[in-house]
Each structure stands twice: as structure tokens, then as C-alpha cells.
Amino acid sequence: MNDFNQKTTSKALGLTLTAVVAALYAAITMLVAPIGFGPVQLRLSEGLNHLAAWNKRYVVALGLGVLIANMVSPLGWIDWVFGTLGTVIMTGLTYLLTRKVEKPLIKIIISTVVVLTIGMAILAAEFTFAFAIHAHGAFAPDYSSSSLLANWLSYYVSLVPGELVSLVVGGIVIYALSKVVNLKK
């Protein structure tokens with residue numbers, strides 16, 4: 001195969017993998033839609049965030065998947081913009097922090113820490129903002145008459161357990177997959 005065909009095949013494969021991961025993220029989110037949105041959520045598709053530790057294409061794939069899934073979010077445009085942006089930031093950071101790491105388990109641990117800290121902090125800020133501007137579909141925090149910081153902390157604490165479950169389940173699946181498929185390609 002000549003160089004042109006190899007590059008074309010490689011680009012087509014990369015685009016296909018991006019589309020497949022984006023579609024998987026959106027489909028899994030919609031499958032659990034009633035519990036995939038809100039301040040207490042179990043969005044199992046978040047387990048796919050670990051893929052960003054292997055290849056930067058998955059940063060784009062996950063961003064697209066989140067954007068598609070959030071089209072049905074009760075928060076509307078706020079979730080389309082800030083949910084997608086938050087995902088791109090946390091998965092981009094995961095990619096940057098893990099690109100020289102070889103061990104799959106270490107990649108997954110780093111990814112988990114980034115998502116639980118940076119990712120959930122951004123999502124808690126999104127919910128705090130939505131509630132503060134009385135956005136349609138906004139969820140009241142536990143202490144709605146408190147300060148913005150108290151509201152943010154309330155959202156953050158309510159988001160982390162479901163996210164941790166999703167990341168552990170996803171981590172197990174991605175770890176097993178990394179043993180049989182080269183996720184870097």
C-alpha cells in the first residue's frame with residue numbers, strides 16, 4: 001500500500017473511532033437518561049472518559065458525545081456549552097498528564113483523579129450558575145439560600161459518588177480492553 005493510501009486509511013480509521021466513541025457515549029447516556037442528568041446522577045457513559053488517557057482523538061470523541069447527549073438535558077444550552085467545555089477540559093488535561101505513562105492502571109488512576117476533581121468541580125459550577133440565574137431546568141441545591149460556595153459544594157458532594165461508580169465500572173472495562181486492543185492507535 002502506498003503512503004497516500006496508508007494516510008487515508010489512518011485518517012478514516014481515526015474519524016471512525018471518534019464517531020463510534022461519541023455515539024457510544026450518547027447512547028449509553030440516553031439509555032440511563034432519567035438518572036444521567038441532575039445533581040445526583042449515574043451517567044455510566046462517564047466511564048469512557050478514561051479513553052482520553054490513550055489518544056487525543058478521544059478528547060474530541062467524548063466532547064462530541066457529551067454535546068449530543070446533552071441535547072436532551074433539562075438545562076438546555078447551559079449543559080450544551082458548559083458540559084461540553086468541561087468534558088473537553090478534563091479529558092484534555094487527562095491526555096496531557098498521561099501521554100508518557102505506559103501502565104494502564106496508572107492512566108486510569110490519573111484519569112479518575114482528574115475527572116473527580118476538575119470535571120466535577122466544573123459541573124458543580126455549571127449547576128450553581130444555572131440555579132443562580134434561575135435557568136429553566138435548574139435543580140435547587142441542598143442549601144439554596146446559602147452562599148454560592150455552599151451551593152457549589154452541595155452540588156459537588158452530590159455529584160462525586162455517582163461519578164466514582166461510573167469511573168470504576170468504566171475503568172475495569174477500559175483496563176480489560178487495553179490488554180487486548182492498542183488504544184493508542
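Which helix holds both Trp-152 and Tyr-156, and how many residues apart are they? Select the two: they lie in helix H5, four residues apart, about one turn of the helix. (Helices here are DSSP runs of H or I with at least four residues, numbered from the N terminus.)

Before you go on, know that this is a predicted model, where local features need pLDDT of at least 70, side-chain atom pairs count only at pLDDT 80 or more, and totals for chains, interfaces and linings use all residues. Residues are numbered from 1 along each chain as its sequence is written, and side-chain values use heavy atoms, with hydrogens and water left out.

Still on those two residues, show the rings. Their centres sit 5.2 Å apart with the planes at 15°, so Trp-152 and Tyr-156 are stacked (rings of Phe, Tyr and Trp, its six-membered ring, pair if their centres lie within 6.5 Å; planes under 30 degrees apart count as stacked, over 60 as edge-to-face and the rest as tilted). The structure holds three aromatic pairs.

Next, add helix H4, residues 104-132. Its axis and that of H5 come within 7 Å and cross at roughly 150° (axes are lines fitted to C-alpha atoms over the stretch in contact, and angles run from 0 to 180 degrees between N-to-C directions). That makes H4 roughly antiparallel to H5, a word used for angles over 145 degrees. Color their contact by class and you get 23 nonpolar, six polar and two charged residues (Asp, Glu, Lys and Arg count as charged; Ala, Val, Leu, Ile, Met, Phe, Trp, Tyr, Cys and Pro as nonpolar; the others as polar).

Methods
Parallel < 35°, antiparallel > 145°, perpendicular 65-115°, else oblique.
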